[in-house]
Amino acid sequence: MGRTSRRAAWIAVPAAFLLALMPTAASAYPNPGRVTGDTVVHDPTMIRTSGGRYLVYGTGGGISYRTSTDRVAFSAGGDAFANKPSWWSSYGATEAWAPDISYRGGKYLLYYAVSTFGSNKSAIGLATSTSGLPGSWADQGVVYSSAGSSDYNAIDPNLFVDDDGKWWLSFGSWWTGLKMIQLDPGTGKQLGSNTPRYSVASRPTGTKAVEAPFVVKRGGYYYLFASYDTCCAGTSSTYKVKVGRASGVTGPYYDRNGVALMNNGGTPVLETHGSVIGPGGQSIMADSDGDLIVYHYYDGNDNGTPKLGINLLNWSSGWPVAY
């Protein structure tokens with residue numbers, strides 16, 4: 001789906017045919033759309049500027065950066081931060097993870113996480129910029145944190161703004177699952193008049209492996225995408241993307257079969273198929289030709305190197321179907 005002509009052809013396909021593509025087995029999942037150039041990336045977040053340039057930030061260093069003018073050919077640039085904020089070291093971090101980019105109130109916002117692998121001594125930070133380009137980001141410090149004694153992990157942030165202009169930050173990884181707090185639009189940090197930490201997804205039995213929340217609203221429902229199982233193990237990764245929906249932003253979220261996301265629920269969106277191993281770390285972006293799911297996968301044809309994946313989503317069934 002990377003080439004414009006192919007995307008346009010898919011858009012013209014009747015909805016009934018697209019519904020027939022609902023995955024019934026791993027082999028039914030679509031391959032990533034065509035991308036070229038500097039496509040090695042992990043936990044990608046993407047935005048399109050008013051000038052039409054795509055900006056992609058991802059895990060690594062001072063928040064790694066890729067850019068494209070056509071959503072096909074990508075090139076690398078400098079990290080978001082040329083000089084890493086000194087407070088990162090309080091969490092043992094030498095790099096930042098899982099950024100989330102958005103544009104609000106005339107500026108770009110970049111939420112991100114700092115931690116060390118397997119630890120929940122973690123923090124979510126915020127940076128702002130008027131251009132969104134590397135080197136332009138001003139760090140705003142800690143937004144929310146967790147400690148070794150916490151039952152949650154403050155990583156993998158995602159900002160969602162509802163129809164009433166209220167700001168919500170979802171986040172979380174393993175432990176007791178995915179959480180959500182309300183933010184103050186003026187500061188981008190927690191709203192002082194609403195301090196609960198809502199729980200939106202959990203795996204109370206078996207593995208605790210759910211992380212990387214991303215919330216969108218479509219057709220009157222709030223949809224919560226998340227990555228399930230294990231990342232970061234190359235061709236041994238078992239990552240997959242699942243989704244649930246709710247009538248309110250803080251939940252409760254249920255999958256297509258009515259199983260609560262707080263009780264191991266989740267409808268599959270992308271799973272391992274062929275050489276596309278462990279897709280996850282996803283974000284959702286509205287573009288001119290439809291909604292995109294932007295993610296990484298481990299390339300089974302390239303020793304498990306993490307690569308950029310982009311597919312369109314069809315919502316005609318009331319549930320997102322990647323194609």
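Which residue in E16 is the bridge partner of Leu-224? In this predicted model, the partner of Leu-224 is Gly-244. That pairing belongs to a wider contact between two strands, since seven bridges join strand E15, residues 221-228, to E16. The two strands run antiparallel.

E15 and E16 are part of an open sheet of four strands, arranged in the order E14-E15-E16-E17. The pairing in this sheet is antiparallel. At its edges stand strand E14 (210-218) and E17, each of which has a single partner strand, so one side of each is left without a neighbour in the sheet. From one strand to the next, the twist averages 30°. As general background, strands of a sheet pair through backbone hydrogen bonds, in either a parallel or an antiparallel manner.

A charged residue offers a good stopping point on this sheet. Lys-240 is found in strand E16, and its relative accessible area is 15%, so Lys-240 counts as buried, the limit being under 20%. Leaving aside residues up to four places away in sequence, Lys-240 touches Ala-226, Ser-227, Tyr-228, Asp-229, Leu-270, Glu-271 and Pro-279.

The interior of the model can be approached through its nonpolar cores. The largest nonpolar core has 20 residues. Those with the most contacts inside this core are Tyr-57, Ile-63, Trp-88, Leu-110, Tyr-112, Val-114 and Trp-137. Strand E3 (54-58), strand E7 (107-114) and strand E8 (122-129) each supply at least two of the core residues. E7 gives the largest share, four residues. Apart from this core lies another, of 18 residues, with Phe-225, Val-241, Val-243 and Ile-293 among them.

Leu-110 shows how one residue of the largest core meets its surroundings. With residues up to four places away in sequence not counted, Leu-110 touches Tyr-57, Ile-63 and Trp-137. The contacts of Leu-110 also include Ala-80, Pro-99, Asp-100 and Ile-101. Gly-125, Leu-126 and Ala-127 are touched by Leu-110 as well.

Aromatic rings form a further theme, and the structure holds 18 aromatic pairs. Phe-81 and Tyr-112 make up an edge-to-face pair, with 5.9 Å from centre to centre and 70° between the planes. Phe-81 lies in the loop between strand E5 (73-76) and strand E6 (97-104), while Tyr-112 is in strand E7, so the pair ties together parts that are 31 residues apart in sequence. Phe-81 is buried, at 6% relative accessibility, and Tyr-112 is buried too, with a relative accessible area of 0%. Both residues belong to one aromatic cluster, formed by Phe-81, Trp-87, Trp-88, Tyr-91 and Tyr-112. Trp-88 and Tyr-112 were also named above, among the residues with the most contacts inside the largest nonpolar core.

The structure holds one disulfide. This bond is formed by Cys-231 and Cys-232, whose sulfur atoms are 2.1 Å apart. The torsion about the S-S bond is about -65°, so the disulfide is left-handed. How buried or exposed are the two cysteines? Cys-231 is buried, with a relative accessible area of 13%, whereas Cys-232 is partly exposed, at 39%.

Some backbone details complete the picture. Most residues other than glycine have a negative phi, and most peptide bonds are trans. Against that background, Trp-174 has a positive phi, near 50°, in a residue other than glycine. Trp-174 is placed in the loop between strand E11 (167-171) and strand E12 (178-183). With a relative accessible area of 30%, Trp-174 is partly exposed. Trp-175 has a positive phi of about 45°, although it is not a glycine. Trp-175 likewise sits in the loop between E11 and E12, and at 32% relative accessibility it counts as partly exposed. The peptide bond from Gly-251 to Pro-252 is cis, with omega near 5°. Pro-252 lies in the loop between strand E16 (240-246) and strand E17 (267-270), a return to two strands of the open sheet described at the start.

Conventions:
Residues are numbered from 1 along each chain as its sequence is written. This is a predicted model: local features need pLDDT of at least 70, side-chain atom pairs count only at pLDDT 80 or more; totals for chains, interfaces and linings use all residues. Side-chain values use heavy atoms; hydrogens and water are left out. A nonpolar core is a set of buried Ala, Val, Leu, Ile, Met, Phe, Trp, Tyr and Cys residues joined through side-chain atoms within 4.5 Å. Buried means under 20% relative accessible area, exposed over 50%, partly exposed in between (1.4 Å probe, protein chains only). Contact means heavy atoms within 4.5 Å. A disulfide is a pair of cysteine sulfur atoms within 2.5 Å. Two strands pair if DSSP finds at least two bridges between them. Axes are lines fitted to C-alpha atoms, for helices over the stretch in contact, and angles run from 0 to 180 degrees between N-to-C directions. Rings of Phe, Tyr and Trp (its six-membered ring) pair if their centres lie within 6.5 Å; planes under 30 degrees apart count as stacked, over 60 as edge-to-face and the rest as tilted.
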